[in-house]
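Here is a friendly briefing to read with the structure open beside you. Take your time and look up each residue as it comes.

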Amino acid sequence: MKTIPEDLIYAISLTMVPNVGANQAKILLEHFSTARDIFMAGTRELEHVPGIGTIRAKSIRSFREFQLAEKETRFMDKFGIRALQYNDNEYPKRLRHCDDPPSVLYYKGNAELNVPKVISI
């Protein structure tokens, strides 16, 4: 079994935090750069990020279900699923312009998503 990258555990965990949706995750990732940094930040620091506030800050600080993210990565490994995090260079640049892009984008197969012409269904 492969070693699970710590940054992926934190990124997946961020998607599981109650009261933190895709829009807030984007705000947080643009402010802190990594999901790990978000979880390491103090409550007051999180509260002062625009759009986060006390309830979301407390939800982040009290999150302890990291084993669920580890379980998710084992499932991904078993079925050949990969993930692109919002701060990955390969993450679709067009998707970053949305108000609520997924902070983790799962894929299987080829994920060349920054080519000049793309067709989506």
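What follows is a short tour of selected features, grouped by topic.

Please keep in mind that this is a predicted model. The tour begins with helix H1, which covers residues 6–16, and moves on to the nonpolar core, where H1 gives the most, with six residues. After that come the aromatic rings, of which the whole structure has seven pairs, and finally a loop residue, Asn 19, between H1 and H2.

**Helix H1 and its surroundings**

- Look first at the stretch of buried residues in H1: Leu 8, Ile 9, Tyr 10, Ala 11, Ile 12, Ser 13 and Leu 14.
- The buried residues of H1 pack against three helices, namely H2 (22–32), H3 (35–40) and H6 (66–79), and also against strands E1 (82–85) and E2 (104–107).
- Ser 13 belongs to this helix, and it counts as buried because its relative accessible area is 0%, under the 20% cut-off.
- Beyond its neighbours within four places in sequence, Ser 13 is in contact with Phe 39, Phe 63, Phe 66 and Ala 69.

**The largest nonpolar core**

- How many residues does the largest nonpolar core have? There are 30, and those with the most contacts inside it are Leu 14, Leu 28, Ile 38, Leu 46 and Ile 60.
- Two or more residues of this core come from each of H1, H2, H3, H5 (53–62), H6 and E2.
- Leu 46 shows what such contacts look like: leaving out residues up to four places away in sequence, Leu 46 touches Leu 28, Phe 32, Ile 38, Ala 41, Ile 52, Ala 57, Ile 60 and Arg 61.

**Aromatic rings**

- A pair of aromatic rings is described by the distance of the centres and the angle of the planes.
- Among the seven aromatic pairs in the whole structure is that of Phe 39 and Phe 66, with ring centres 5.2 Å apart; their planes are at 70°, so the pair is edge-to-face.
- This pair links distant parts of the chain, with Phe 39 in H3 and Phe 66 in H6, 27 residues apart.
- Is each partner buried or partly exposed? Phe 39 is buried, at a relative accessible area of 6%, whereas Phe 66 is partly exposed, at 21%.
- Another pair is formed by Phe 75 and Phe 79, whose ring centres are 4.7 Å apart; the planes are at 45°, so this pair is tilted.
- Phe 75 and Phe 79 are separated by about one helical turn, because they are four residues apart in helix H6.
- Phe 75 is partly exposed at 44% relative accessibility, and Phe 79 is partly exposed too, with a relative accessible area of 37%.
- Tyr 10, Phe 39, Phe 63 and Phe 66 form one aromatic cluster.
- A charged residue meets a ring as well: Arg 96 lies over the face of Tyr 86, at 5.5 Å from the ring centre.

**Asn 19 in a loop**

- Where is Asn 19 found? Look in the loop between H1 and H2.
- Asn 19 counts as partly exposed because its relative accessibility is 46%.
- Not counting residues up to four places away in sequence, Asn 19 touches Gln 24, Ile 55, Arg 56 and Ser 59.
- With Ser 59, Asn 19 makes a polar contact from side chain to side chain, at 2.9 Å.
- Val 104 is 85 residues from Asn 19 along the chain, and the C-alpha atoms of these two are separated by 17 Å.

Definitions and conventions:
Residues numbered from 1 in each chain as written. Predicted model: local features only at pLDDT ≥ 70, side-chain atom pairs only at ≥ 80, totals over all residues. Heavy atoms only, no water. Buried < 20%, exposed > 50% of the residue type's maximum accessible area, 1.4 Å probe, protein only. Contact = heavy atoms within 4.5 Å. Polar contact = N/O pair within 3.5 Å; in protein donor to acceptor, adjacent residues only side chain to side chain. Phe/Tyr/Trp six-rings, centres within 6.5 Å; stacked < 30°, edge-to-face > 60°. Lys NZ or Arg CZ within 6 Å of the ring centre and 35° of its normal. Core = buried A, V, L, I, M, F, W, Y, C linked by side-chain atoms within 4.5 Å.
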